[in-house]
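Please look over the model shown below before reading on. The report that follows takes up a sheet, then the domains, then a pocket.

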Amino acid sequence: MHSGCHYQQPIIAQPWFLPSRLVLSLQLHVGAPLKDLNTFHIEARAARLASAGSVSDLIALSRTAEWRSGPRLILGGGSNILFVGDFEGLVVRIALRGIEVVGENEHAVLVRAAAGESWDALVEWTLAAGHPGLENLIRIPGTVGAAPIQNIGAYGLELAERFAELEAFDPQSGEVLRMDRAACRFRYRDSIFKSERRDLIITAVTLRLPKVWKPVVNYKDVLAALQARGQTAPSAADIAAIVAALRAAKLPDPSELGNVGSFFKNPVVSAARHRDLLEKFPGLVGYLQSDGSYKLAAAWLIEQCGWKGRALGPVAVHDKQALVLVNCGGATGEQVLTLSRAIEQSVHSRFAVELEREPVVV
Ligand code: EPU
């Protein structure tokens, strides 16, 4: 197990050992449809599409002309992406598999999962194996490899709090780097993989799950559900059931109604700004952060502007959670952006608060 010190180091440097047959085993699909590879179900095509089932596949792909000549897009579950047109380059689906316990001491169990595993399946796996700690993050769509990019978080817990380290393929050097928590620079819905190191491809993530488990019950909806159930000493399975039910009640199932979860981040404002806003809008929903700033509920701002449940063409604001935009059928990425801009403008003119989009627009 590693200490909390900041490290970023290569674990394999292997451009030389790659057998050429691996290159031949990779299939490149031309003009591939992406509709079923993004949870918004937006129609778009990739000039080239390949699937990487191993680090060797990634190394082989990184040596192809397709990789070097044009733009590249790394795709996990497609649950945080909005296509606004065809992709004129190479899309690589991350299909690396495997979950295993890789270490243990008296404080924690280390579980390593390959980037292509489903995040929710990993949560279920850890719970079934008797290693609680991820239950508040149950039912979040997407893959394990995508989870660190936006530092997924829900119901009082962020990935960063359970994170040990990750492995990432660096296409420039051909090496796989190991990065600890400090190296990943996790923030609210943010990490180094959204800024300086967008080029890195996460191949595996190792979680640190505490041996002495305590339920995370600081989120008010979770607390209310526990009280309603009369549960004073909940198990991890109880928390998982509560969070799964909360999510099912508010968030649309992408297999039924295309969406990418929250379309906007919750904006963070200074204490002074929060005070001013609260004077003008006594119902304002905001949460004090550890640094003294306030995180405002974007869903409340959007709802106050009258957008909840409203549609613009085939795109609508979800009627149970105003932070979620849904594709009612056949929407284009541009139509989603049109609604998003209209919402941003309303919120800006009423509250003078800037909303920031959450998904990656491609
Ligand atoms: N609210 C409204 N109208 C709504 C929904 C919510 O006014 O339509 C207000 C209520 O006061 C509510 C508060 O906003 O109490 C917070 O709502 P909720 O608990 O649904 O959480 P959220 O802040 O809207 C965030 C995350 C979600 C995550 C939940 C639970 C972001 C951008 N979103 O939403 O994450 O599931 O908290 O932790 O931080 C995602 O990122 O895709 C996602 C779904």
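## A sheet, three domains and a pocket

In this predicted model, strand E15 pairs with strand E16 (residues 294-296) in the antiparallel sense, and 3 bridges join the two. Within this part of the structure, Tyr287 has Lys295 of E16 standing opposite. The sheet as a whole is an open one of 3 strands, arranged in the order E14-E16-E15 with antiparallel pairing. Its edges are formed by strand E14 and strand E15, each of which pairs on one side only. Lying across E14, E15 and E16 is helix H8, which runs at about 45° to E16.

The elements described so far have these residue ranges.

| Element | Residues |
|---|---|
| Strand E14 | 268-269 |
| Helix H8 | 271-280 |
| Strand E15 | 286-288 |
| Strand E16 | 294-296 |

On the scale of the chain, the domain assignment gives domain 1 (15-94), domain 2 (97-210) and domain 3 (268-361). Between the C-alpha centres of domain 1 and domain 3 there are 33 Å, and 8 residues of domain 1 are in contact with 13 residues of domain 3.

Which domains each give at least three residues to the lining of the second largest pocket? They are domain 1 and domain 2. The second largest pocket holds about 360 Å³ of space, and among its 23 lining residues the closest to the centre are Gly76, Gly77, Ser118, Gly142 and Thr143. Sorted by class, the lining of this pocket consists of 11 polar, 6 nonpolar and 6 charged residues.

Methods. Residues numbered from 1 in each chain as written. Predicted model: local features only at pLDDT ≥ 70, side-chain atom pairs only at ≥ 80, totals over all residues. Heavy atoms only, no water. Pairing = 2+ DSSP bridges. Helix = DSSP H or I, 4+ residues; strand = E, 2+ residues; numbered from the N terminus. Contact = heavy atoms within 4.5 Å. Axes fitted to C-alpha atoms, helices over the stretch in contact; angles between N-to-C directions. 1 Å grid on protein atoms, 1.4 Å probe; cavity = no way out; pocket = protein on both sides within 12 Å on 5 of 7 lines; lining within 4 Å. Points joined across faces, edges and corners; volume = space filled by probe spheres on them. Nonpolar A, V, L, I, M, F, W, Y, C, P; charged D, E, K, R; others polar. Domains from an automatic or database assignment.
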